[in-house]
Amino acid sequence: MAREKAMEAAARFLEGSNPDAITVLRGDEVPESQVLEALKTRGIFSEKQVIIYRDPGFLVSGKKGPGLETRLKKAVREGKDKRAARLLGRILSEKGLGQEDLVELGPEEISGMVKDQGLAGDELENLLKSHLEEIKRAISPSSHSGLGLLSWLKKRKKGNHFLIIQVSRRPKNLPIFKEFIDACQIVDLDLSSRKGKAATAGVSQFVREQLKKQGKEMEKAGLDEFLRLVGTSSLSALKNELQKLVNLTGNRKKITRQDVLTLVVRHKEEELYKLTEAFRKKDLSSTLLSLDLLFDQDIHPLAILAAIRNTIIRTYALKSVSKACSQNSQTGFNQFKEAQWPEIKKTLSSMGAGAISRMHPYSAYLHLLSPYTESELVEMLEELPGLDLAMKGSKLDPRFVLENFFFRHLS
């Protein structure tokens, strides 16, 4: 949503000028000094220029994601040398080094100072020799203070350059942010930061505006039900569900509560439950359908993976213990509950699997009936760390990773 708003504002400023006049710069790659250079440079194909600066370090507070060292290693491994050079400059700056130290110490000494970053000495020396200017631009603390941009904003007059600063979350306890508020026009899209009635009112207004753009409106009872089912924390989930309602109500202008109850996907927990149930039954088509709905609801793929992992572990544990206890897995539920579950439960507790031993007997019974063999369950468990790594650190789409896993094991 924030990216859309930024691009809309850029398009309004350019008024039909060349779209190449928009430059997007990332705060973890580009120092403030480079943004200032871009704001002072005339475009080749268009006099008007838009600079979108995403998550500058001076406006990032709280959890910042992977550290500089992790991003440095990733950039080197992917062959993104300029980005790696800028990150190296940031690291050296945090270690107290300045531009003059780059000359006095030389590549070998500096490489020795950052050996703990897990990079080979020749990799660091290559950055120092081939991209020294990029490192110099990033090594100065003033390159990341925000003061240069703040000064530019305060002195700016209407001209051919337009700066958009986009942050993923509202900074907390950063004095400089208050100065940027005074110097800039602020568009707050962080609905999750609002509480109580303010949050509901903000989301309600957002829903009405989205529907109005498409010539629709929603009755109050329908809107209340919509927010209850979809929630108020994810703009992408709200937009996805609204688009479904718009498409499926056709030419009808008003969306009713019944439309919402009929068409809107139920809340996350219910859909996750449906996915694990379909997975446990080895039902590929239903599993893929639930996966699609969960991605529409903007559920994090690692949360989906965790739910699958829990299902596999529970199923394997129950099958293994049942086999060890010489139990017949083909009995009816009542016989299982009375004759088999007490012994299985006792064995699980003695093995330290207290959470599984506390399962409802019927849930345990359904897991025991799962069509997977123990060897199939072990094979899937062995694959899970690789799936986790692929979704965290590779360029593969998490949906593709999960779908590929399901096709291999549920077909």
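How much accessible surface does the protein have, and what share of it belongs to carbon and sulfur atoms? The accessible surface comes to about 22,600 Å², and 51% of it belongs to carbon and sulfur atoms. Accessible areas here come from the Shrake-Rupley method with a 1.4 Å probe; for residues, only the protein chains shown count as cover.

Before you start clicking, note that this is a predicted model, in which local features need pLDDT of at least 70 and side-chain atom pairs count only at pLDDT 80 or more, while totals for chains, interfaces and linings use all residues. Residues are numbered from 1 along each chain as its sequence is written, and side-chain values use heavy atoms, with hydrogens and water left out.

**Stop 1: the whole protein.** Switch to a cartoon view: there are 21 helices and 5 strands. Both are DSSP runs numbered from the N terminus (helices: H or I, at least four residues; strands: E, at least two). Of the 411 residues, 42% are buried. Buried means under 20% relative accessible area, exposed means over 50%, and partly exposed is in between (1.4 Å probe, protein chains only).

**Stop 2: the sheet.** Select residues 22-26 and 161-166, which are β1 and β3, the edge strands of an open sheet. The order is β1-β2-β3, with parallel pairing. Two strands pair if DSSP finds at least two bridges between them. Now add β2, residues 49-54, which pairs with β1 over 5 bridges. To see one bridge, pick Ile-22 and its partner in β2, Val-50.

**Stop 3: a salt bridge within one helix.** Go to helix α11, residues 220-230, and show the side chains of Lys-220 and Asp-224, which lie 4 residues apart, about one turn of the helix. They form a salt bridge, with the closest N and O atoms 3.0 Å apart. The term means a side-chain nitrogen of Lys or Arg within 4 Å of a carboxyl oxygen of Asp or Glu. Lys-220 is exposed at 61% relative accessibility, and Asp-224 is partly exposed at 41%.

**Stop 4: other salt bridges.** The structure holds 11 salt bridges. Select Asp-259 and Arg-252, whose closest N and O atoms are 2.8 Å apart. Here Asp-259 is buried, at 11%, while Arg-252 is partly exposed, at 39%. Next, try Glu-383 and Arg-408, with closest N and O atoms 2.2 Å apart. This pair links distant parts of the chain, from helix α20 (374-393) to helix α21 (398-410). Finally, select Glu-225, Arg-228 and Arg-257 together: a network of salt bridges links them.
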